[in-house]
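Open the model in your viewer and keep the sequence panel visible. The stops below say what to select and what is there.

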Amino acid sequence: MTETEEKHGGVGGADGVDRITEQWRAVRPDLDTSPMDVIGRLSRASRLLEAGIKENLTAHGVEPWEFDVLATLLRSGPPHVLSAGELSSAAMVSSAALTNRIDHLVKKGFVDRAVDPTHRRRVLISLTDTGRELTHRLVEHHLAGEERQVAGLTTAERTLLTGLLRRVLLTLGDHGGNPAGR
């Protein structure tokens, strides 16, 4: 391992967070900046990953939030119908945000909204044939884009990183429910 790789956790080259933490260490050598090493990278990675996902999906004429709703319905399995409450929880968005999203997707012909015949106060959201076909195509493009984003990691590194990120999420209270503010 080279000196640069040793200094940067086994990876050659410095990133933007290295520059920031080096500046902090110079100004405040008494502080432990190791949390900043993790949180700064997670934050920057999140922004870069989201930008890449948005670019990939908008190249196919769909916004990320549209894909989230469509993919949630598709992954629910046949007949690809969820109540508004189930969809809100599964897509991890508030019911108010979901209402606007569903209105938009209905206008585009990707989903239908209907009153549940067994419970008049319950609204059912379903994929249309057009929405289902589109989502099947999009998920392939989406996964190919995500593959490009993690191509620099080996299978073992992906497995390790997945476990570490899962631990971070659990530590932060993410146990599969609707995160605060969404």
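Select H60 and N56, and show their side chains and backbone. The side chain of H60 reaches the backbone oxygen of N56 at 2.8 Å. Bear in mind during the tour that this is a predicted model.

Stay with H60 and colour the helices. H60 sits in the loop that joins α3 (34-58) to α4 (64-75). Is H60 buried, exposed or partly exposed? Its relative accessible area is 33%, so H60 is partly exposed, given that the partly exposed class lies between 20% and 50%. Now add L138 and H141 to the selection. H60 is in contact with both of these residues, once its neighbours within four places in sequence are left aside. To get a sense of distance, pick the C-alpha atoms of H60 and P117: they are 35 Å apart, and the two residues are separated by 57 places along the chain.

Next, select helix α7, residues 129-149, and find T135 within that helix. T135 has a relative accessible area of 0%, so it is buried. Which residues does T135 touch, not counting residues up to four places away in sequence? Select L70, A71, L74 and L127 to see them.

Move to the loop between α4 and β1, where P79 is found. The peptide bond that leads from P78 to P79 is cis, and its omega is near 10°. H80 is in the loop between α4 and β1 as well. H80 is not a glycine, yet its phi is positive, at about 60°. Both features are worth a pause, because most residues other than glycine have a negative phi and most peptide bonds are trans. H80 counts as buried, with a relative accessibility of 9%.

Now show the strands. In what order do the three strands form their open sheet? The order is β1-β3-β2, and the pairing is antiparallel. The strands β1 (81-83) and β2 (111-115) are at the edges and have a single partner strand each, so one side of each has no neighbour in the sheet. From one strand to the next, the twist averages 25°. In general, the strands of a sheet pair through backbone hydrogen bonds.

Select β2 together with β3, residues 123-127; these strands pair in the antiparallel sense over five bridges. For one bridge, pick A114, whose partner in β3 is L124.

Keep the sheet on display and add two helices. Helix α5 (residues 84-91) lies across β1 and β3, and runs at about 95° to β1. Helix α6 (residues 95-107) packs on the sheet, where it touches β2 and β3; the angle between its direction and that of β2 is about 115°.

Finally, zoom out to the whole protein chain. There are eight helices and three strands. Follow them along the sequence and the pattern reads α-α-α-α-β-α-α-β-β-α-α. Why does the protein chain count as more spread out than a compact globule? Its radius of gyration is 21 Å, and the globule rule gives 16 Å for 182 residues; the value is well over the rule, so the chain is more spread out than a compact globule. Along the principal axes, the C-alpha atoms fill a box of roughly 65 × 30 × 25 Å. If you colour by accessibility, buried residues make up 24% of the 182 residues. With a surface switched on, the protein chain exposes about 12,200 Å², of which carbon and sulfur atoms supply 57%.

Note on methods: Residues numbered from 1 in each chain as written. Predicted model: local features only at pLDDT ≥ 70, side-chain atom pairs only at ≥ 80, totals over all residues. Heavy atoms only, no water. Pairing = 2+ DSSP bridges. Helix = DSSP H or I, 4+ residues; strand = E, 2+ residues; numbered from the N terminus. Axes fitted to C-alpha atoms, helices over the stretch in contact; angles between N-to-C directions. Contact = heavy atoms within 4.5 Å. Rg over C-alpha atoms; globule rule 2.2 N^0.38 Å. Buried < 20%, exposed > 50% of the residue type's maximum accessible area, 1.4 Å probe, protein only. Areas by Shrake-Rupley, 256 points an atom, 1.4 Å probe, with all protein chains shown as cover. Polar contact = N/O pair within 3.5 Å; in protein donor to acceptor, adjacent residues only side chain to side chain.
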